[in-house]
Amino acid sequence: MDPQNTNMNTGAKMLLNHVKTLRLHTGNLVNRNRLKKKCPCSPSEELQDCIQATLSEWFSTANPSSEDFADTLDCSIPQATDAIVPEEREELKVSAKLFLCESGQSSIRDAVEMACQTLAVSQLDSVIIAPPGLLEGDSQTLAHLQPAWEELEALVRSQRIAAIGTSDLDKDLLEELYNWAQVKPSSNQVNLASCCVMPPDLTAFAKEFDIQLLTHNDPKELMSAATFKEAVREGTQDLDIADWRLEWVLRYSIIVKSRGIIKAKGYLISARKASP
C-alpha cells in the first residue's frame, strides 16, 4: 500500500471524526469532465454521483494536518468553482432551489449565505423552497410553510434574495400563502410526474396574481439518509466514519440572460454529525 495514501487516509479519518459539520461544493457541473462520462437518470442519482466524486477528489488532493482541524470541514475543488466576476453580474441570472431535509430557519440563512459567498454575489435572483418531507398521512399546511417563508422574507428585506418561490403547492395552499405572506411568492413549481397537465384552477390563480408556474422532476425526497451515507462512504474510500445527517441541499444555476443558456450549475450540501 502507498504510504502517502495511508497517511492521507489516516489524516482524513481523524479530520472527519473531529468535525461536526460537513459542507460540500460540487463546483460547476457544466465543466466537470468526470460527470460527462455518464448521464444520471434522475436528480437523486446526479446528487449522489456529485457527492461521491467531490469527496473522492478532495480527499485525493487534501493533506489534512492537526492544525487544520475545526468544527466545519469545507470540501470544494477550487479549479471547478465558478465565482461570478462583477463585470458579468448584470448579464447573468442566479437561481437556486433549496431542499430542506430537516426543520430549522437557520438552515435557510446558512444555505443562502454559502451560495452568495461561493458564487461571489451579494444577492440571489430567485430562491425556490422545498420544505422537509412530511410523515406519511400528513399533508402540507400553511403552518408548515410559515417558519421557512418568514426566514425567506427576512432575506428578501436584507437584499440577499430578490424573489422567492414555492414548490408543489396546490391552488388552495398557494392562495393561503399568498394572502398571508408579506413578500408574495413569485413562482410555484409543479411536478409533472404527479400532474401531466397544469390544474385549471391553479393556472387561473397564478395568472391573476402574476405567479409564474414552472415544472420540475425532483422526487419528494431528493436523497434518503441511507443513500447519503452510502455516497459519503464511497467518496471517502470506505473510511469507517460516524453517521452524518443531511441538513440541506441547494442546487443553483447561472443563466446567461440574453442567450438563455446555462453557464454554470452545481450543488451546495450541508450535513451535521448525528448525535451519539
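Is aspartate 210 buried or exposed? Aspartate 210 is exposed, with a relative accessible area of 68%. Keep in mind as you explore that this is a predicted model.

## Two aspartates in loops

Let's stay with aspartate 210 for a moment. You can find it in the loop between H6 and S7. Its phi angle is near 55°, a positive value in a residue other than glycine.

Aspartate 168 also has a positive phi, of about 65°, although it is not a glycine. Look for aspartate 168 in the loop between strand S5 (161-167) and H5. With a relative accessible area of 45%, aspartate 168 counts as partly exposed, because "exposed" is kept for residues over 50%.

## The sheet

Now turn to the strands. An open sheet is built from 9 strands, in the order S2-S1-S9-S8-S3-S4-S5-S6-S7, with mixed pairing. Strand S2 (72-76) and strand S7 (212-216) stand at the edges and have a single partner strand each, so one side of each lacks a neighbour in the sheet. On average, neighbouring strands of this sheet are turned by 20° against each other, direction ignored.

What holds such strands side by side? Strands of a sheet pair through backbone hydrogen bonds, either parallel or antiparallel. Both kinds can be found here. Strand S1 (residues 21-25) pairs with strand S9 (residues 261-273) in the antiparallel sense over 5 bridges, and threonine 21 has arginine 272 in S9 as its bridge partner. Strand S3 (residues 92-100) and S4, on the other hand, run parallel and are joined by 5 bridges. Here lysine 97 stands opposite isoleucine 128 in S4.

## A closer look at S4 and S9

How many residues of strand S4 (residues 124-130) are buried? The count is 7 of the 7, so S4 is largely enclosed by the rest of the structure.

In strand S9 you will meet lysine 263. Its relative accessible area is 31%, so lysine 263 is partly exposed. Lysine 263 and leucine 92 are 171 residues apart along the chain, and their C-alpha atoms are separated by 8.6 Å.

## A cluster of rings

There are 3 aromatic pairs in the whole structure. In one of them, the ring centres of tyrosine 178 and phenylalanine 205 are 6.0 Å apart and the planes stand at 90°, so this pair is edge-to-face. It links distant parts of the chain: tyrosine 178 belongs to helix H5 (residues 171-180) and phenylalanine 205 to helix H6 (residues 200-208), 27 residues apart. Tyrosine 178 and phenylalanine 205 are both buried.

Phenylalanine 205 also pairs with phenylalanine 209, at 4.8 Å centre to centre and with 40° between the planes, which makes a tilted pair. Ring pairs thus link Tyr178, Phe205 and Phe209 into a cluster. How buried are the two phenylalanines? Phenylalanine 205 has a relative accessible area of 5% and is buried, whereas phenylalanine 209, at 29%, counts as partly exposed. A charged neighbour joins the scene too: lysine 184 lies over the face of tyrosine 178, at 4.9 Å from the ring centre.

## Two helices side by side

Finally, pick out helix H2 (residues 43-61) and helix H7 (residues 225-235). Their axes come within 7 Å and cross at roughly 30°. Since angles under 35 degrees count as roughly parallel, H2 is therefore roughly parallel to H7. The crossing of H2 and H7 is right-handed.

Technical notes: Residues are numbered from 1 along each chain as its sequence is written. This is a predicted model: local features need pLDDT of at least 70, side-chain atom pairs count only at pLDDT 80 or more; totals for chains, interfaces and linings use all residues. Side-chain values use heavy atoms; hydrogens and water are left out. Two strands pair if DSSP finds at least two bridges between them. Helices (H or I, at least four residues) and strands (E, at least two) are DSSP runs, numbered from the N terminus. Axes are lines fitted to C-alpha atoms, for helices over the stretch in contact, and angles run from 0 to 180 degrees between N-to-C directions. Rings of Phe, Tyr and Trp (its six-membered ring) pair if their centres lie within 6.5 Å; planes under 30 degrees apart count as stacked, over 60 as edge-to-face and the rest as tilted. Buried means under 20% relative accessible area, exposed over 50%, partly exposed in between (1.4 Å probe, protein chains only). A charge sits over a ring if NZ of Lys or CZ of Arg is within 6 Å of the ring centre and within 35 degrees of the ring normal. Angles under 35 degrees count as roughly parallel, over 145 as roughly antiparallel, 65 to 115 as roughly perpendicular and the rest as oblique. A crossing is left-handed if the near helix is turned anticlockwise from the far one by less than a right angle, and right-handed if clockwise.
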